[in-house]
Amino acid sequence: MMEHLPALMIAIPLFGAFTTPLLKKRQNIAAIWALIITVITFGLSLLLLQEVLSKGIIVYVFGANKPTLVLPSGYRVPVRIIFEIDAMGAFMALSATLMSFIGALYSYSHVEMETGLEKYYALLLLLEVGIIGMVLTGDLFNLFVFLEVAGIAGSALVGFRNYRGEASEAGIKYLMVSSVASLMVLFSIGLLYGQYGNLNMAYLSRQIHLDTVDMIALGLLFVSFAMKCGAVPMHYWVPDAYTEVPAGINPTLLVATYASLYALFRVSFSLFGAITWNMARVGWIMSILGVLTMFIGVTMALVQKDVKRLMSYHAISQTGYMLLGVGVGLTVLNDPAKLSAFGRAAMAGGIFHIINHIIYKSLLLMTAGALFYVTGTRNLNEMGGLARKMPYTTIAFIVGAAAISGLPPFNGFASKFLIYETSYQLNPLLAVFAMVTSVLTLASFVKVFASAFLGPPLEKYEEVREVPKPMVTAMIILAILCILFGLFPNVVLNKLIYPAVDALIKLAQYQSWGGLV
Amino acid sequence: MNGNIIAINFPFIVVALLLALGFYTIGFKRNLIKVVIGVEILESAVNLFLIALGYVKGGYAPIYTLAPKKAVGNMVLPTPQALTLTSIVIGVAVSALMLAFAVNIYRHYGTLDVTRIRRLRG
Amino acid sequence: MTTTIIKTTTRILASLILVFGAYIILHGHLTPGGGFQGGAVFASGLALLIVACEDEIVKKRFEKVPLSPLESIGALGFLGTALLGLMGYTFFKNVIANSGFIFGGKTPIGINPGYLNTGGTLAYMNIFVGMKVLAGLTSIVLIFFLLLGGKKDEW
Amino acid sequence: MRKALGLFAFLGFTLFLLAATMSLRPFGAPPHTEMDHYFITHAQEQASANNVVTSIVFDYRGFDTLGEATVLFTAVAGVLMVLRRKEVSS
Amino acid sequence: MNFTLLSPSGFWDPVLWLIFLILFGIIGYIIYSRGNPSYKPNTEQVKPYLSGNVEPSKEKIMVRAGDIYWGFITALDEYYVALKRMHTGDLRDYILWYLGIGAIILFILVGGV
Amino acid sequence: MTVVSLFMWALILLLFSAMLTLIRLLLGPTIPDRAVALDSMTTTTAGVMVLYGVITKQAVFIDVALVYAVLSYIATLYIARYLVRKRVGIACKCEGDGT
Amino acid sequence: MNFSALFWALQVLVGLGLIISATAAIRFKNLISAVIAMAVFSLILSLEFYILQAPDVAIAEAGVGACLTTAMYLLAIKNTTDEEVIE
């Protein structure tokens, strides 16, 4: 069964999602069923990661006689849909499944009182399927299909609280943005198909040569995925969507955003990696977008009064760090001396920041959801003195806030450290912006902590008690992960991140799987 | 020469104009349902682009049932047609969900004017 | 609001459309069409039935139809047919083609009039996808239609 | 102001779309595509179907169709969820 | 297993950090234990004394979130006005920004700099 | 003049008449005008499809025309149902909202 | 009249029809008129697919565009309002 692992990664959550609407009468069982499915998927993704790290790139051909039969007899092109899983894809799949599990656990109590839960859990599983499909596939059109699955499931979940008008507003904004972006992705896929007559990414990357149509396709793909991952100034949908979605979906929605970031990296490094002389330009675009993203995101966050909206602006600003780190790596991709000096470390910082940010931002958004659960409001002006009432939430919030500001020994520290040093070597101005952003991040979280948790206990929150156990468990798991990743960054970097970085950098390895060359 | 290229690439030009019309609708119309119509025009334009990519001059449809004798070895490319089928279904799904959101927004806001549907900002 | 003309026309036309949809689904591997197209035509026939009746009749008639389970069953059947390939081959392998099972006949190479008993898993997948699509699209139209009857303060 | 800037962005983007479609290969003469050749010649024998498009949709690229079915399922679930009647029971 | 993260200009060692943590924890505890022992919770002692005035209600003395960093935001007023004007919340602007940025990126890639 | 050429001229004529209905759709002051234009255009286009299938000698193409011929009725019925509900009859005054 | 001339005449007519009906769908102030124009757009698009030898796609576009999308739009407009905002 080991060889069918990539197919099962998709089939099992799909099975769960298709069966969940049948449990309309008993919504508790639907929640437990979703929890079981996410746990199984998490185990499978661990197995997959182990396979990839020990054996290299895994290839799975859908519909062939054998899973590794890439080329049909007598032909030199791949014709079927092929999954090509390298360390980067397995790493993203691991984060997606982990976060879906945490989200399902948290949702068990968080949305208990609402109706329509069987559809909620089905959509949660479908969102997971979309992310897994996006990060594992090696086929361009398949990437588009799963991008749409993730986008539609995400926007439907954003509109879950349909008794609030704002939820529908955020939902249609997210849906519009994601559908326009994916249509442009489809258009550029059409351009590439018209040029080369194939859809496989590894095959295309060997065929691509510099051409006006190719460059326009690259630009369209770049800007569409940049919009889907929330780069400034196309970030407006991010605060709307993250604010209105139930807090249990937030972790998965974050991973969906970073799956688009993954697709952006994949397009820049693997699909168009063969066009060598133009890549420095793309790297500079990515770095500058990153700097803009982190600075504007954090300054907007400083003036927010809505707690979840503040945290979503921080999510934007942290995306900037990833873009900056990987952009620095992309800029020096063709300079082997600089690449080994700081490019590889920069990319490691950027990619390590993805999982770090997913963990601590989910933690923070979950604490915001817990505050909403007990107080019924998200306005920071009306909160205060909750630290005594909710000790676990407070501890989780402190851990998350320290991690996002890059204090040692929490996990944001290691990746930010790498990014500062490497971006300083490319251009000192970039590092200055990164550090200023970090300081402002700490400042705005001090604001949240002071106004929500500290201060005198208010009369209207006399009855408040700690949130139910599943929510606490989910938050504590993430807090422990935060501390572990921060204490031993070296282990994570060597086991998980550097293989992923090498998977992106080594283009020839990606191009030559399954005897294609 | 230039006019000749326009004559040959005529369907592609139509696609580009339709994309422009769709973007114009999304960017400058104030009614939400008009915006949804704009997205649908975009979708149709991309579908038309894919099908036009697959056409071979003088080719026949890739179906063997009761096909004329000349069709063997002279068929249009079938892959873009399969891709377009998928794309059409996705288009229907997206517009259905958008209309549901629009109905729900009208319930709560009492309007379909995009400039007034912005409680979430800043 | 519906007149006798509409009711009579609907009675004749609806059955015709449903049969035509079923034809498109079943002959998906021979003629143009397939699961999605046939399902859309079938759902259009059901939409005709919806629009030709009063709201109360529609509500009464369709509350017994298990649309949501039908959709789940269609999707699960599609997934299951694809999973058949795991018996020795890969996901989505067409195991039934040329095996002699139902729909497992051999197709003559070249131009032929088309035989229904071919196609392998394609025919099964067509049927399941058609079931899923007709249930899904009908439930979309139905919920949009039934919204008209709802009162504002129920929301 | 907003309208002028928006019009500028729109025209710029459209210009590149037109450029892309104009500089593409001529209509009706696709390059020699081995993938499509494989589908046309092997569909009857491998998938035993006369309709090549259906054989691609459900056999060669069947995984895409699974994604497509998933999209429709997602959209139906989303529509039913967004338009559901009852509020919170608390 | 080696836990030390080496980077071009520094290093991070969790063991060293733990040692420092324990050290400073002990120092902190020593300072704490030398504090005033006459403090007793839940007595009259802990109530605030405001020159004999009545203690105002909790809602009034609370520091609101909007008041924190008031000076900073006021100093950067012009920047924030520009930023607020960018965030209109209009659905169409989202797409127009996309078109504009797309045009710029395509110009850089295709037109050449 | 061969038979196939005759079919081609018939096709062009049908398409021309479809264009005429398109003009009615653009000008038509009331909604019922436009609905009727849609209906007649659908029928004409179904005829065009049948003729094109005959010209290229592909029998299976007729299915598409059948689908259109059958389904156009439903769209018209939906529009009619809407107009009845809104009391927008033929007697409604023109809005003058042509292109 | 040979086939090639017929093909190009069809291409030009259908392309014009596509652009005209799309423009009409955008310009009509009444949303019902816009939806009818979208139905015509879908019809012409289906004809174009048919001419480009893609009957599968043409059937899909016909089944969706002729009835279901129109029905969805009409029902949604029925639930909201049918007048576009006058700018």
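Q: How many residues of chain B are in contact with chain D, and how many of chain D with chain B?
A: This is a predicted model, and a good place to begin is the meeting of these two chains. On the chain D side, 40 residues take part. On the chain B side, the number in contact is 43.

Q: What area is buried between chain B and chain D?
A: The size of an interface is often given as the accessible area lost when the parts come together. Here carbon and sulfur atoms give 77% of that area. In chain B, B:Phe28, B:Tyr64 and B:Thr79 lose the most area to chain D, together 16% of what that side buries. The area buried between the two chains is about 3,700 Å².

Q: Which helix supplies the largest share of the side of chain B that touches chain D?
A: Several helices of chain B each supply at least two residues to this side: α1 (2-8), α2 (10-28), α3 (32-54) and α4 (79-109). The largest share is 16 residues. Those residues come from α4(B).

Q: How many residues on the side of chain B that touches chain D are nonpolar?
A: Let's sort that side by residue type. One residue is charged and seven are polar. The nonpolar group numbers 35.

Q: How many residue pairs are in polar contact across the interface of chain B and chain D?
A: Salt bridges are one thing to look for here, and the rule finds zero of them across this interface. Polar contacts are another, counted where both residues are at pLDDT 80 or more. The number of residue pairs found in polar contact is ten.

Q: Why does A:Ser107 count as buried?
A: Now for a single residue in chain A. A:Ser107 is found in helix α3 (residues 87-110). Leaving aside its neighbours within four places in sequence, A:Ser107 is in contact with A:Glu112, A:Tyr120, A:Tyr121 and A:Gly248. A residue is called buried under 20% relative accessible area, so A:Ser107 qualifies because its value is 0%.

Q: What pattern does chain F follow along the sequence?
A: Chain F has zero strands. Its secondary structure comes to three helices. Read along the sequence, the pattern is α-α-α.

Q: What percentage of the residues in chain F are buried?
A: Chain F has 99 residues, and its accessible surface comes to about 4,600 Å², with 74% belonging to carbon and sulfur atoms. Among its contacts with a separation of 6 or more, 63% join residues 24 or more positions apart. The buried residues make up 52% of the chain.

How values were computed: Residues numbered from 1 in each chain as written. Chains lettered and ligands numbered in written order. Predicted model: local features only at pLDDT ≥ 70, side-chain atom pairs only at ≥ 80, totals over all residues. Heavy atoms only, no water. Contact = heavy atoms within 4.5 Å. Buried area = accessible area lost by both parts, 1.4 Å probe. Salt bridge = Lys/Arg side-chain N within 4 Å of Asp/Glu carboxyl O. Polar contact = N/O pair within 3.5 Å; in protein donor to acceptor, adjacent residues only side chain to side chain. Helix = DSSP H or I, 4+ residues; strand = E, 2+ residues; numbered from the N terminus. Nonpolar A, V, L, I, M, F, W, Y, C, P; charged D, E, K, R; others polar. Buried < 20%, exposed > 50% of the residue type's maximum accessible area, 1.4 Å probe, protein only. Areas by Shrake-Rupley, 256 points an atom, 1.4 Å probe, with all protein chains shown as cover.
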